[in-house]
Amino acid sequence: MNTKPETPLSIEDCYHCGGDLTSDNLYEATLGGSPRYFCCAGCLAIAQTIHGQGLEAFYARRLPLGQKPDDVGQLTDQVPDALLAYDDPVLMDRFTRASSEYPGEVETTLRLEKIRCAACVWLNEQHLKRLFGVKDVQINYVTQRATVRFNPNEVHLSKLLHSVEQIGYEAWPFEPSMSADLAKKERRHLLMRLGVAVLGMMQVMMYAWPTYTGADDLLVEQELLLGWTSWALTVPVVLYSAGPMFVVAWHSIRNFPRTSMLGMDVPVSLAVALAFIAGSISLVLGVGESYFDSITMFIAFLLAARYLELLARQDAQGGAEALAKQLPATCDRFEDYSNTELTKSVPVVRCVVGDVLRISPGDVIPVDGVLLSGEASLNEAILSGESRPVSKSMGDVLYAGSHNIVSPIVMRITALGQGTRIAGIASLLDKALLAKPQVVGLAEKWAGYFVVFLMAAAGLTAIAWYFLDPLKAWETAVAVLVASCPCALSLATPAAMAAAQGAITKLGLLVVRGHVMETLAKATDLVIDKTGTLTTGHPELKAILSLRTGYTEQQVLAIAAAMESGQKHPLGLAILEAAQKREIQPIILSEAPVSELGKGLRSGVYQLGSRQWLNLEPVPVNQENEQASLVYLKDDQGLLAVFSLLDTPRPGAMEFIKQVQARGIQVHLLSGDDQQTVAWWARYFGIDHLQGGALPEDKFSFSDALQKEGKVVWAVGDGVNDAPFLAKANVSIAVGSGAPLAQAGADAVLTTESLKPLSQALELADKSKIIMRQNLVWAFVYNVIAIPVAMMGLVNPWVAGIGMSLSSLAVTLNAWRLRKISE
Amino acid sequence: MESLYLLIPMSLVVVGVIVLILYWAVKSGQFEDLEGPGHSILMDDDVSPNRVIDKPSSSTSVKQKE
């Protein structure tokens with residue numbers, strides 16, 4: 001074929017993943033008529049699969065430079081055992097549902113990983129469609145979810161998952177939860193209501209055109225026709241589009257004696273209802289304004305803002321889903337632990353308390369349990385936020401969600417599913433979200449008072465004029481309502497909020513719940529997590545101490561890097577990273593390094609690990625800080641070098657803490673790390689209040705206690721262990737690179753590496769507070785002048801209309817100033 | 001201005017039709033993915049039909065082994 005797609009990659013790069021090619025890892029194959037080179041058998045197998053199906057156009061369309069596939073699942077046509085477990089009837093039932101239109105076929109939803117561009121979506125879609133038995137594939141580009149309809153007698157779930165792996169992606173079945181269904185329904189309903197409101201608004205404004213332009217060549221009947229048509233179109237907008245608002249407002253009023261708080265839907269509903277009734281009456285009487293254009297416009301804008309907020313919120317709330325992803329669905333269970341070594345891959349749902357499992361290194365533990373084998377090194381970062389691996393010995397408790405790092409372990413199950421620690425944290429999060437204090441915005445409070453005042457003013461005017469001149473009573477009362485139309489007031493804060501949110505999103509802070517800016521300005525206490533939030537949670541090589549003459553720092557690093565290559569230990573990764581950064585080629589070792597239970601590595605004469613394991617005397621290391629982790633390198637003649645590694649603070653963290661303290665906000669450092677480490681970092685950042693060893697429950701109750709004292713708590717965190725307290729705090733920000741569950745409870749998500757957007761958000765919050773005040777003052781002054789004048793009957797509706805529009809415009813333009821923010 | 005008597009009822013009918021179309025669009029999920037279809041229409045075109053036809057011979061691996 002002549003239309004063979006050209007890739008932008010040179011011959012030195014792997015055809016599939018774009019990785020570097022070296023002479024010792026070169027694979028060659030003829031694909032599409034020309035020779036192609038690959039860095040590994042995995043890439044070769046993927047490219048062969050793609051070309052074999054005539055899907056090579058993928059290489060021309062994709063964004064350049066994919067990831068190197070880290071699985072070798074694609075090498076074989078045989079579906080691996082771990083995936084076969086998905087064909088178990090229990091799991092099949094959970095992840096598939098019968099198709100409503102096609103009898104005998106089932107549907108499943110898969111979550112795809114590693115999708116980077118539209119070409120990836122296309123490739124997956126085409127590839128799955130070519131499987132025998134697959135009837136239909138729909139992939140949503142935005143949510144990266146694939147809906148696959150297939151015949152269960154012809155193809156199995158495991159085969160679907162495996163074939164996605166064969167082209168270098170990952171898929172896991174996704175249990176469509178009740179909440180996801182509800183979210184979809186909510187989204188669709190709101191969209192429909194918004195659509196009706198916008199259509200109504202456009203139509204009614206068109207009918208109002210003659211009134212706007214002052215056309216006076218209309219006959220009375222024609223005006224009546226226009227009026228009643230507008231009315232007919234406003235009715236569905238009020239009843240259908242704004243209907244739920246009335247329901248919420250009614251609940252809020254009924255619960256008033258208990259909560260002594262009125263929701264923001266109350267003034268809005270009152271304004272809409274009053275304007276609609278007033279408009280209808282003037283239509284019947286044939287005098288005065290009909291406010292149908294204002295009503296429909298108001299509802300349409302309000303719903304548009306709510307729809308955008310709903311989308312942002314639903315995006316961030318994938319809590320249950322995130323949890324499902326973090327725990328594997330299958331595990332290796334011992335057939336008969338006391339007698340044989342034989343294991344079988346089974347679905348976790350098939351296991352019961354007391355079963356014995358084997359967990360391979362690199363795997364995530366699916367259940368809570370106790371360790372039966374000797375030593376184990378685990379990363380419990382997802383639960384505790386602690387980045388350093390934790391050593392466990394026989395009999396210790398293991399938690400679902402932790403990562404097994406070094407050697408295979410054997411464990412006995414003590415809790416499953418909802419009984420596990422991580423599920424407990426998730427339910428604590430749900431509880432916290434329910435208990436979240438309602439933030440009553442400034443504008444809502446004012447608007448509430450204002451509506452009451454307005455109704456009183458209009459009522460008084462009507463009564464007064466009834467005695468003076470009964471004919472003019474109704475008209476003046478209506479003029480009061482028009483002149484004062486709470487538009488400027490209701491626009492005052494939302495416009496400022498929208499402008500500020502737009503500006504801060506560009507800087508890297510995604511606002512999920514609307515009140516963030518307003519509450520930030522009021523915050524009195526900042527509760528911040530350490531690992532992953534103030535610090536990056538990744539150790540970095542800070543210093544090398546070369547102790548043998550004749551060995552330079554570069555040489556010892558080359559040896560250490562060679563020993564650590566292929567290891568997954570965080571400290572090892574840091575050493576590898578440092579070698580890469582300094583462009584040091586690892587030496588070639590005579591023997592492959594052997595890992596010894598999380599304590600160290602051995603290869604030939606070299607040993608790399610902790611001091612205790614190497615049996616060394618304490619070395620007088622000139623250490624600038626006692627928090628550093630030390631790694632020792634030794635050969636047959638004794639100690640060679642010491643590497644000092646330290647967690648690194650996030651960029652912008654120091655400035656952020658200083659700025660927060662300068663504003664008089666009390667900073668508390670709360671972390672799951674040990675007290676000593678937390679204290680060291682607190683000193684480093686100049687934070688006085690600290691607590692180490694904090695469990696998720698501790699953080700939650702800490703925040704709760706502060707709130708009971710009347711403090712406004714601002715929380716910043718990243719891990720699953722932070723999720724409940726993020727949800728509990730008055731305003732919370734989750735670090736975007738952290739756990740998805742944490743983001744579910746947060747009000748805003750930080751999308752940058754640096755903490756600088758937080759500082760800027762604080763400045764912006766102050767600025768928006770000032771602008772909101774200006775807006776409210778303006779709206780107030782305008783009303784104070786306009787209402788008495790209208791009450792005296794001096795304003796005709798036409799003048800009132802212009803005044804109202806100008807007032808709204810002034811407020812909006814003032815808010816617009818927030819969009820320009822200093823970098 | 002006599003035309004108003006015809007045009008306004010007509011506009012009501014048009015609005016009604018648009019609402020029905022919107023209802024169908026929302027219900028059938030037309031708004032669920034606003035990005036993907038735009039890309040996929042570009043993707044699907046240049047798969048040449050002859051490659052697809054000879055697919056069974058070159059892709060034995062995708063046949064389900066029962």
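This is a guided tour of a predicted model with two chains, A and B, given as a series of selections to make in the viewer.

**The two chains**

Begin by colouring the model by chain. Chain A has 823 residues, of which 46% are buried, and its secondary structure comes to 30 helices and 29 strands. Of the contacts in chain A with a separation of 6 or more, 67% are between residues 24 or more positions apart. Chain B has 66 residues, and buried residues make up 5% of them; this chain has four helices and zero strands, so that its elements run α-α-α-α from the N terminus on.

**The side of chain A that touches chain B**

Next, select the residues at which the chains meet: 35 residues of chain A are in contact with 30 residues of chain B. On chain A, at least two residues each are supplied by α2 (57-61), α5 (118-129), β5 (134-140), α6 (157-166), α7 (178-207) and α9 (220-241). If these are coloured separately, α7(A) is the element to look for, since the largest share of this side, seven residues, comes from it. By residue class, the side of chain A that touches chain B divides into 18 nonpolar, 10 polar and seven charged residues.

**A helix pair across the chains**

Now select α9(A) together with helix α1 of chain B, residues 4-27. Their axes come within 11 Å and cross at roughly 5°; because angles under 35 degrees count as roughly parallel, α9(A) and α1(B) are roughly parallel to each other. To see the contact itself, show the side chains of Q222(A), L225(A), T229(A) and L233(A) on α9(A), and those of L4(B), I8(B), L12(B) and V15(B) on α1(B). The residues of this contact divide into six nonpolar, two polar and no charged.

**The cores of the model**

Turn next to the largest nonpolar core, which has 142 residues. Select C43(A), A500(A), L520(A), L669(A) and A748(A), the residues with the most contacts inside this core. Helix α29 of chain A, residues 756-791, gives the most to the core, with 14 residues. Centre the view on A500(A): leaving aside its neighbours within four places in sequence, A500(A) is in contact with M517(A), L764(A), S768(A) and L818(A). Another core, of 32 residues, lies apart from the largest one, and A271(A), Y291(A), M297(A) and I299(A) are among its residues.

**A three-stranded sheet**

Select β13, β12 and β15 of chain A, which form, in that order, an open sheet of three strands with antiparallel pairing. β13 (390-393) and β15 (403-404) stand at the edges, each with a single partner strand, so one side of each is left without a neighbour in the sheet. Strand β12, residues 375-379, is joined to β15(A) by two bridges, and the two strands run antiparallel. Which residue of β15(A) stands opposite L378(A)? Selecting N404(A) shows the partner, which lies in β15(A).

**A last stop at M654(A)**

Finally, select M654(A), which lies in helix α24 of chain A, residues 653-662. M654(A) is partly exposed, with 15 other C-beta atoms within 10 Å, a count that falls between the 12 or fewer of an exposed residue and the 20 or more of a buried one. Leaving aside its neighbours within four places in sequence, M654(A) is in contact with P649(A) and F685(A). Add L534(A) to the selection as well: M654(A) and L534(A) are 120 residues apart in sequence, with 8.6 Å between them in space, C-alpha to C-alpha.

Definitions and conventions: Residues numbered from 1 in each chain as written. Chains lettered and ligands numbered in written order. Predicted model: local features only at pLDDT ≥ 70, side-chain atom pairs only at ≥ 80, totals over all residues. Contact = placed C-beta atoms within 7 Å. Nonpolar A, V, L, I, M, F, W, Y, C, P; charged D, E, K, R; others polar. Core = buried A, V, L, I, M, F, W, Y, C linked by C-beta atoms within 7 Å. Axes fitted to C-alpha atoms, helices over the stretch in contact; angles between N-to-C directions. Parallel < 35°, antiparallel > 145°, perpendicular 65-115°, else oblique. Pairing = 2+ DSSP bridges.
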